[in-house]
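Me: Please take a close look at one part of this model, the nonpolar core and what lies around it. I would like a connected account rather than a list.

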Amino acid sequence: MIFGAENSPKPKKNNKIIDNFSEQVKILPIFNSIPTYAKEKVRLRKKGMMISDFDLLIGSTAIANELIMITENVNEFERISNIQIENWVKR
């Protein structure tokens, strides 16, 4: 989001919107997600089914915190073992 704000015609305004949004959500630490991330990256690499590092970290964080991953990008995230996914767009 911050990249998008910085890349926009009005970075100051858009960064303020992000700051306001960030105050309303809980930010999860990623440290407890690293073991899942590492195991899944190795497994996916061996199978030739890699996904982006950021998506893998997001998915691993959902697993480590026992959360449901809400995404429209089901094809990529479903490659991660033991992840619970919901697509709210296709309901």
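Reply: What follows goes through the core, then one of its members, then a lysine, and ends at the surface. The model is a predicted one, and the values below are computed from it.

The largest nonpolar core is made up of eleven residues, namely Tyr 37, Leu 44, Ile 51, Leu 56, Leu 57, Ala 62, Ile 63, Met 69, Phe 77, Ile 80 and Ile 83. Helix H3 (34-47) and helix H4 (53-64) each contribute at least two residues to this core, and the largest share, four residues, is drawn from H4. Ile 63, one of the core residues, touches Thr 36, Ile 80, Ser 81, Asn 82 and Ile 83 when residues up to four places away in sequence are not counted.

Lys 41, for its part, is placed in helix H3, and it counts as buried because its relative accessible area is 18%, which falls under the 20% limit. With neighbours within four places in sequence left aside, Lys 41 is in contact with Met 50, Asp 53 and Leu 56, and Leu 56 is itself listed among the residues of the core. The C-alpha atoms of Lys 41 and Glu 76, which are 35 residues apart along the chain, are separated by 13 Å.

On the surface, Met 1, Phe 21, Val 25 and Ile 27 form a nonpolar patch whose accessible area together is about 430 Å². Within this patch, Phe 21 belongs to helix H2 (residues 11-22), and Phe 21 is classed as partly exposed because its relative accessible area of 42% lies between the 20% and 50% limits.

Notes:
Residues are numbered from 1 along each chain as its sequence is written. This is a predicted model: local features need pLDDT of at least 70, side-chain atom pairs count only at pLDDT 80 or more; totals for chains, interfaces and linings use all residues. Side-chain values use heavy atoms; hydrogens and water are left out. Patches are made of residues with over 30% relative accessible area and no salt bridge: like charges are joined within 9 Å, nonpolar side chains (Val, Leu, Ile, Met, Phe, Trp, Tyr) within 5 Å. Accessible areas come from the Shrake-Rupley method with a 1.4 Å probe; for residues, only the protein chains shown count as cover. A salt bridge is a side-chain nitrogen of Lys or Arg within 4 Å of a carboxyl oxygen of Asp or Glu. Buried means under 20% relative accessible area, exposed over 50%, partly exposed in between (1.4 Å probe, protein chains only). A nonpolar core is a set of buried Ala, Val, Leu, Ile, Met, Phe, Trp, Tyr and Cys residues joined through side-chain atoms within 4.5 Å. Contact means heavy atoms within 4.5 Å.
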